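This briefing concerns side-chain contacts in one protein chain. Please keep the sequence and the structure in view while reading.

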Amino acid sequence: QVQLVESGGGLVQAGGSLRLSCAASGFTSSRYSMAWFRQAPGKEREFVAVISRSGATTYYADSVKGRFTISRDNAKNTVYLQMNSLKPEDTAVYYCAQGLLSTAEADFGSWGPGTQVTVSS
């Protein structure tokens with residue numbers, strides 16, 4: 001059974017950093033691309049970053065480019081999202097997802113429950 005579990009969320013001041021982790025089980029994560037999405041209160045879920053199976057290719061939303069870094073450790077079946085220079089508008093529930101090398105939600109079949117990130121001004 002595929003399971004994704006996010007961790008590392010919390011409350012941080014603007015300009016601070018957080019590192020999110022997504023632990024995968026029930027499948028070999030190296031066979032899939034992995035992504036992070038987020039959903040702010042009252043808004044639709046949006047793409048944040050995606051990483052290819054090998055980790056060689058990454059794509060980012062324009063809003064986080066240069067501040068966030070996605071990476072993976074296939075030996076640990078874990079994907080990370082390093083978030084620097086955080087802004088209040090980054091406040092959201094962050095979700096890890098397994099699927100294709102894509103920015104579209106429909107291309108991801110398994111999702112974690114999410115972890116809350118709150119950035120105070």
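Over the ring of which residue does the charged end of Arg45 sit, 4.8 Å from its centre? The ring is that of Tyr95. The model is predicted, and the values below are computed from it. The points that follow deal with charges over rings, aromatic pairs and the disulfide.

**Arg45 and the rings**

- The charged end of Arg45 lies over the ring of Tyr95, at 4.8 Å from the ring centre.
- The charged end of Arg45 also sits over the ring of Trp111, 3.8 Å from its centre.
- Trp111 counts as partly exposed, because its relative accessibility is 25% and the buried class requires a value under 20%.

**Aromatic pairs**

- The count of aromatic pairs in the model comes to 4.
- One of them joins Phe37 and Phe47, whose ring centres are 5.8 Å apart and whose planes meet at 75°.
- This pair is edge-to-face, because the angle of 75° between the planes is over 60 degrees.
- The pair of Phe37 and Phe47 connects distant parts of the chain: Phe37 belongs to strand β4 (residues 33-39), Phe47 belongs to strand β5 (residues 46-51), and the two are 10 residues apart.
- Phe37 is buried, with a relative accessible area of 1%.
- Phe47 is likewise counted as buried, at 14% relative accessibility.
- Another aromatic pair is formed by Phe108 and Trp111, with 6.4 Å from centre to centre and 65° between the planes.
- The pair of Phe108 and Trp111 is also edge-to-face.
- Phe108 is buried, with a relative accessible area of 5%, whereas Trp111 is partly exposed.
- Ring pairs join Phe37, Phe47, Phe108 and Trp111 into a cluster.
- Trp111 therefore has two roles in this description: its ring belongs to the cluster, and the charged end of Arg45 sits over that ring, while its relative accessibility of 25% makes it partly exposed.

**The disulfide**

- The model contains 1 disulfide.
- This disulfide joins Cys22 to Cys96, with a distance of 2.0 Å from S to S.
- The disulfide is left-handed, because the torsion about the S-S bond of Cys22 and Cys96 is about -75°.
- The two cysteines link distant parts of the chain: Cys22 is in strand β3 (residues 18-25), Cys96 is in strand β9 (residues 92-99), and 74 residues separate them.
- Cys22 counts as buried, at 1% relative accessibility.
- Cys96 counts as buried too, at 0% relative accessibility.

Methods:
Residues are numbered from 1 along each chain as its sequence is written. This is a predicted model: local features need pLDDT of at least 70, side-chain atom pairs count only at pLDDT 80 or more; totals for chains, interfaces and linings use all residues. Side-chain values use heavy atoms; hydrogens and water are left out. Rings of Phe, Tyr and Trp (its six-membered ring) pair if their centres lie within 6.5 Å; planes under 30 degrees apart count as stacked, over 60 as edge-to-face and the rest as tilted. Helices (H or I, at least four residues) and strands (E, at least two) are DSSP runs, numbered from the N terminus. Buried means under 20% relative accessible area, exposed over 50%, partly exposed in between (1.4 Å probe, protein chains only). A charge sits over a ring if NZ of Lys or CZ of Arg is within 6 Å of the ring centre and within 35 degrees of the ring normal. A disulfide is a pair of cysteine sulfur atoms within 2.5 Å.
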